Amino acid sequence: MAKPLLVVLAAFLASSLLPRPAAFGVAPGAPGGGGAGFGNWIAMNQQSYATNVALYAMKAAGDGAKALDANLTAAEEKKVSYVVDPSGGGDYATIKAALDDIAAGNTKRVVLNLKPGVVYREKLFLNSSKPFVTFLSDPSSPATIVWNDTAATTGEDGKPLGTVGSTSVAVESDYFVARGVVFKNDAPLAKPGAKGGQAVALRVFGTKAAFFNCTIDGGQDTLYDHKGLHYFKDCTIRGSVDFIFGFGRSFYEGCRIESVVKEVAVLTAQQRTKSIEGAIDSGFSFKNCSIGGVKGGQIYLGRAWGDSSRVVYAYTEMGEEVVPIGWDGWNVAKPESSGIYYGEFKCSGPGADAKKKKRVGWALDLTEAQAKPFVGTHYIFGDSWIQEPPPSTSGSSAGGGKAAGAKKLKQQAEQGAEAPAAEADTATTATKDAKAGKTSAGTTKDAKAEKTSAAATKDAEEETSTSAATKGTKEAEETPAATKE
């Protein structure tokens with residue numbers, strides 16, 4: 001049952017006024033208060049970076065230039081493009097129709113040019129058997145893909161869809177790219193204390209996914225950065241509670257992060273826990289970003305979904321809405337010794353108070369050595385797979401009309417790949433294929449086995465964030481960070 005709003009606010013204010021435990025003031029590595037353990041955890045992060053640099057150097061050794069992985073290189077050499085135009089002037093009228101025609105086991109880069117300024121009201125599910133897909137539009141007049149389900153929406157089976165099922169666009173395939181596209185969930189904003197208000201605009205479960213000049217727009221749980229290596233460049237992400245959340249290993253560069261509510265907002269809920277194999281390899285890193293929101297609102301930089309949650313902000317401008325303490329431990333009883341890694345490095349703006357010692361004592365004002373693992377695309381092994389796509393060619397049909405487009409895509413199935421099954425992108429199928437309904441802050445394991453692409457075998461050293469880790473689940477938590485159950 002949802003808590004009454006007055007109770008929620010009272011609890012939040014009371015929590016904010018409580019004195020910090022003495023252990024929080026202990027410097028990392030100092031005797032007592034679990035500081036030594038925390039210092040060791042920091043050292044592990046730096047050691048992990050050094051190890052991964054060595055592995056990456058082995059793969060890229062040779063001419064010293066960027067070395068794309070073999071699967072991606074082969075796919076780019078066989079690139080095909082199609083236009084999706086609802087007015088009938090392209091190869092397909094809907095994005096779903098174009099995705100349905102991509103062969104299972106696809107090995108070609110398939111570029112879907114979306115018409116600038118056009119709104120595609122579609123709910124999409126791109127399954128793991130169809131890698132190398134690109135959504136391309138014009139950043140100055142972006143195409144919009146929008147749907148309006150919430151976790152409380154009733155599915156075809158008569159049950160609530162849950163958080164995963166609420167997603168407007170779900171990407172479970174690898175090597176996905178988007179440029180100049182708005183991913184949106186336009187369901188009404190959930191009221192404080194309401195249940196089932198999660199409304200995911202974009203969920204990314206595949207690895208090596210990149211987004212350029214995109215907008216991810218919603219309210220609670222806007223971006224499910226679920227799992228894998230992900231890159232967000234010059235994007236805008238809007239939401240209210242936990243609006244960037246998940247188990248991904250992701251790098252956000254030059255992005256604008258905005259709260260859309262005057263109530264308390266929480267930017268991140270990164271779910272890393274010691275109970276998941278490879279936990280040290282996941283986390284969110286933000287560089288050269290800006291944070292702001294509705295004037296008078298309050299913004300938390302993040303809260304710990306898992307006991308080892310990791311988020312770092314570097315060279316980021318923080319607006320006055322960012323609360324002085326910055327972070328929240330959620331249900332982690334002793335965040336100073338749990339393995340949580342929250343850090344800031346050379347941030348600016350009225351909300352950047354790390355050096356004023358107003359942050360929680362278990363958040364770090366990082367040194368240059370501590371920040372180094374997080375402040376470049378090396379954090380996500382980006383030199384081997386990040387490629388910004390060229391401008392959209394959606395002004396004219398690139399595939400020769402709908403019939404020709406369908407024929408070309410279906411020929412892929414006849415040339416070695418099995419015929420594609422009908423794409424399951426309804427709310428019911430999305431829930432069946434990616435069932436992971438969020439339960440309260442505990443990190444219970446999801447029963448869904450990791451789905452991998454037949455065409456994109458992963459190298460272990462590059463796939464650190466997508467190891468056979470079980471996905472945690474997280475309940476509908478929609479109240480301010482200090483009052484979460």
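## Y315 and the loop after strand 24

At 35% relative accessibility, Y315 counts as partly exposed in this predicted model. Y315 lies in the loop that links strand 24 to strand 25. Its phi is positive, at about 50°, although Y315 is not a glycine.

A positive phi is also found at D242, again about 50° and again in a residue that is not a glycine. D242 belongs to strand 16, which covers residues 241-246. With a relative accessibility of 0%, D242 counts as buried, because the cut-off for that class is under 20%. Y315, at 35%, falls in the partly exposed class.

## Strand 24

Strand 24 spans residues 310-314, and 5 of its 5 residues are buried. In a regular strand, side chains alternate between the two faces of the sheet. In strand 24 both faces are covered. R310, V312 and A314 are buried on one side, while V311 and Y313 are buried on the other.

Strand 24 has pairing partners in strand 20 and strand 27. Strand 20, residues 283-287, pairs with strand 24 in the parallel sense over 4 bridges. Strand 27, residues 341-345, also runs parallel to strand 24 and is joined to it by 5 bridges. A314 takes part in both pairings: K287 has A314 as its bridge partner in strand 24, and the bridge partner of A314 in strand 27 is F345.

## The open sheet of 8 strands

The model contains an open sheet of 8 strands with parallel pairing, in the order 3-6-9-12-15-18-21-25. Its edge strands are strand 3, residues 119-120, and strand 25, residues 317-318, each of which pairs on one side only. Strand 25 is also the strand at the end of the loop that holds Y315.

Within the order of this sheet, strand 9 is followed by strand 12. Strand 9 covers residues 181-185 and strand 12 covers residues 215-217; the two run parallel and are joined by 3 bridges. One residue pair in this pairing is F183 with I216, the latter being the bridge partner in strand 12.

## Cysteines

How many disulfides does the structure hold? The count is 0. C235 is in no disulfide, and the nearest cysteine sulfur, that of C255, is 4.8 Å away. For C255, the closest cysteine sulfur is in C289, at 4.7 Å, which is too far for a bond. The cut-off used for a disulfide is a pair of cysteine sulfur atoms within 2.5 Å.

Are C235 and C255 buried or exposed? C235 has a relative accessibility of 1% and therefore counts as buried. C255, at 2%, also counts as buried.

## The protein as a whole

The protein has 485 residues, and buried residues make up 57% of them. Its secondary structure consists of 9 helices and 28 strands.

Among contacts with a separation of 6 or more, 74% are between residues 24 or more positions apart. The accessible surface of the protein comes to about 18,200 Å². Carbon and sulfur atoms account for 55% of that surface.

Conventions: Residues are numbered from 1 along each chain as its sequence is written. This is a predicted model: local features need pLDDT of at least 70, side-chain atom pairs count only at pLDDT 80 or more; totals for chains, interfaces and linings use all residues. Side-chain values use heavy atoms; hydrogens and water are left out. Buried means under 20% relative accessible area, exposed over 50%, partly exposed in between (1.4 Å probe, protein chains only). Two strands pair if DSSP finds at least two bridges between them. Contact means heavy atoms within 4.5 Å. Accessible areas come from the Shrake-Rupley method with a 1.4 Å probe; for residues, only the protein chains shown count as cover.
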